Every structure is written in structure tokens, then in C-alpha cells.
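Let's take a friendly walk through this model, from its interior out to its loops. Please keep the sequence and the structure in view as you read.

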Amino acid sequence: MLTLRPVAAGDLDDLALLAGLLDSMNLPRDPDFLATRIALSEKSFAGRLDDPSEAVYQFVLYDHEAARCVGTSLILAQHGRPGVPYYWLEVSTEERRSSELEARFVHQKLQLRSTEDGPTEVGGLILDPAYRGHPERCGKALSIVRFAYIGAHREWFKREVIAEMLSPFEAPGKNLLWDAFGAKFTGVPYREADHLSARSKQFIADLFPRDPVYATLFPDEVQKVIGQANESAKAAVRILEKVGFHPLNQVDPFDGGPYYGAARDAISSVRGRRELVLPGIPVQQGARSEPDMALLSTEAGGHFRATVVPLGSDDAPIVSEGCRTALDVRSGNRVSVTPLP
């Protein structure tokens, strides 16, 4: 049985192993950072933060048989707040023509932008490679659980939701755009800048060029990675596009990875979430061949948890006794159903 729930202090070692698979800005493999992140997530789910915009909701996928966390994903309630701006590179084009030379050029330009009233961000999706292709659709579950939670608490989140994707890397810690652009203006290698940005991004405002930069001046191999998601992120992009996300004309200032966005209430997994009262008779296991699956979630008792269940021919969730035990729900409890795309 696999269940999704908020991360807990006892998950630190498992979370560190998962973070080591990607070592991203949202989830670096720094044990001190992860311990602080877990404490912040616990306060966020418990509603114990003075400023809700600082909330970070970190989910884990827990394998009860293996007794360990095998995946994680997160929601940042607001990416870009007063004193903690959200930065991106706006991508635009400029067309130039010369009748004298009978020539036409379209130049791509990068312009640093920022805001202190940023959107909600979903990110940090990491799945143990051994669980890819799992019948309980682990990757989709880790992605959709964020929208199921947003749908249940819309007032806690911004009207716009974004997701940042990593671009291709030449080697761990080596990114072509950073080497050609960011490193020349900051004097630090990618890995150092990425880790520093997890705590402060002030150096971006202080050192990045204020004027537009013509990407045409970069080598061809650098231009090709701007706005391109790496191979490991493409599955996540496909899930996001199925629920309504679309590419924005924005890329990450560090690696040039693309940003995707959607209006919160237009995301199909937010709109499609529905509530029902759990019926009295559990259904036995054995219906996993059903083609349509959904995330069944509950906050009964004040604690969020979820699992993947099949949908029957009447579009109702098939909830076995094992699912009820894992989620600690019983007949008459209110649960939520969010179809998986």
C-alpha cells in the first residue's frame, strides 16, 4: 500500500536520499536545509504560521511495505513576497530587416524581471526510479496531490500557479546557460549559485544585467537549451499540460529551464475535485485493471492523507478495506476524489 501524506520529522533520512537524486534549488540535499523545510511544512499544514504566504507544503509518498518514503513533491504558497522577490528571465524576440542586404533576423532577448507579489508554485517532484511505471501511477499521484490540496483550500493560494522545469545539464552542476551568462556576471559556479539562491537571491538583483541581453550572442549550443526541459522533467511537463498548464515566456535565470503556468481555478484537477461521503460497504481488491484512476484524499481527524484508487463504471471510487485502513477512514467520513489525468 502506498499513501501520500505531509512530511514528518522522522522522514529526514528518506527525504535526504530523495533530494540527492535531483539536488535542486527547491530541495537541495543539505540536511540542515531539509530539517528546516520539514519544520516549516509541519507548521504550514497545521496552520501555525503568522504569515500564510510563507507556507511550504511538502508531501511524501510512503510505501508501507518497504517502510520508507519513495517520492516527494511540494507547494510554495507564494513564490515572491515582500523582501523575497521572485526572479525570472522574460523571453522576447526582436525582428530586424535590411532591404540593402536583403536580410532578415529574429533575435531572442532575455530580460531580468522580478515581483514581490508572485504566484503559487508547485515543484520538487522526485520519485525513486524503482517506482517509475508502478501500477499505482506514483508520478501522477505526486503531481496531482498538490492540486487536490489546493482545491480543498483555494483561499490559501494565489490565483496563478506556476511550475519551473530544469533545463538539460552537461554534467552534474554544469549548465551551459549559466556558464555563458550567469557565471560571467556573478563570478560563482552554477552549483554554488543554486545553493545560495535557496536562502537568498539578492545577488541576482545586485549583479545581473538590468538591460535586455541578446541571446544571439551566445553559442548555438547555449541558445538551444534556453526554454528546453531536460529529459527527467518531460514526464512532469506532460502531466501539467494535461491538467491545463501552458508554457510561459519565462525561463529560470540560472539554467534557462522553462516556466509553465495556469490560472488556479482553471486547472482541471482543481476544478474536477469532488467530495463525497464514504459508503458503508467496502469493495475488495481486484479492480486494478480499471483504466481510470483517482486520488482519494481525506483530512478526517485534521490530518491530510491520500492514496490512489480505481474508478468504477459509475465514476465512483472503488475503496477497499485496505484503503480505508491506510487512510484511517470509515463509513460516513467525508473524502475527496480527484481523477488522475
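## Leucine 295 and the cores

Leaving aside neighbours within four places in sequence, leucine 295 is in contact with Leu4, Ala141, Ile144, Val145, Ala148, Ala306, Thr307, Val308, Ser336, Val337, Thr338 and Leu340, where contact means heavy atoms within 4.5 Å. A second, separate core of 24 residues includes Val91, Ala180, Phe181 and Val251. A nonpolar core here is a set of buried Ala, Val, Leu, Ile, Met, Phe, Trp, Tyr and Cys residues joined through side-chain atoms within 4.5 Å.

Before going on, a word on the basis of all this. This is a predicted model, in which local features need pLDDT of at least 70 and side-chain atom pairs count only at pLDDT 80 or more, while totals for chains, interfaces and linings use all residues. Residues are numbered from 1 along each chain as its sequence is written, and side-chain values use heavy atoms, with hydrogens and water left out.

Which residues have the most contacts inside the largest nonpolar core? They are Tyr57, Phe147, Phe245 and Leu295, in a core of 44 residues. Helix H3 supplies the largest share of this core, 9 residues. In soluble globular proteins, nonpolar side chains tend to be buried together.

Valine 308, one of the contacts of leucine 295, lies in strand S13. At 3% relative accessibility, valine 308 counts as buried; the cut-offs are under 20% relative accessible area for buried, over 50% for exposed, and partly exposed in between (1.4 Å probe, protein chains only). The C-alpha atoms of valine 308 and alanine 262 are separated by 24 Å, with these positions 46 residues apart along the chain counted as their sequence separation.

## Two helix pairs

Helices (H or I, at least four residues) and strands (E, at least two) are DSSP runs, numbered from the N terminus. Axes are lines fitted to C-alpha atoms, for helices over the stretch in contact, and angles run from 0 to 180 degrees between N-to-C directions.

H3 (residues 138–152) packs against H8 (residues 231–242) at an angle of about 45 degrees, and their axes are 10 Å apart. That makes H3 oblique to H8: angles under 35 degrees count as roughly parallel, over 145 as roughly antiparallel, 65 to 115 as roughly perpendicular and the rest as oblique. H3 passes H8 in a right-handed crossing, meaning that the near helix is turned clockwise from the far one by less than a right angle (left-handed if anticlockwise). On the H3 side, Gly139, Lys140, Ser143, Ile144, Arg146 and Phe147 meet Ile239, Leu240 and Lys242 of H8. These contact residues divide into 4 nonpolar, 2 polar and 3 charged, with Ala, Val, Leu, Ile, Met, Phe, Trp, Tyr, Cys and Pro counted as nonpolar, Asp, Glu, Lys and Arg as charged, and the others, Gly among them, as polar.

The other pair is H1 (residues 12–22) and H2 (residues 31–46), which pack at an angle of about 120 degrees with axes 10 Å apart. H1 is therefore oblique to H2, and their crossing is right-handed. Leu12, Leu15, Ala16 and Ala19 of H1 make the contact with Pro31, Leu34, Ala35 and Ile38 of H2. The residues of this contact are 8 nonpolar, no polar and no charged.

## Out at the surface

Four residues outside the buried class are set side by side here.

| Residue | Place | Relative accessible area |
|---|---|---|
| Threonine 93 | strand S4 (residues 86–98) | 59%, exposed |
| Glutamate 102 | loop between S4 and strand S5 (103–115) | 75%, exposed |
| Aspartate 211 | loop between helix H6 (202–207) and strand S8 (213–214) | 58%, exposed |
| Aspartate 315 | loop between strand S13 (305–310) and helix H10 (321–327) | 41%, partly exposed |Threonine 93 touches Val106, His107 and Gln108, not counting residues up to four places away in sequence. Its C-alpha is 5.8 Å from that of lysine 109, which is 16 residues away in sequence.

Where does the backbone take a positive phi? Glutamate 102 has a phi near 55 degrees, and aspartate 315 has one of about 70 degrees. Neither glutamate 102 nor aspartate 315 is a glycine. Most residues other than glycine have a negative phi, and most peptide bonds are trans.

Aspartate 211 is in contact with Leu110 and Gln111, leaving aside neighbours within four places in sequence.

Alanine 9 sits in the loop between strand S1 (2–6) and H1, and at 52% relative accessibility alanine 9 counts as exposed. With neighbours within four places left aside, alanine 9 is in contact with Ile38 and Glu42.
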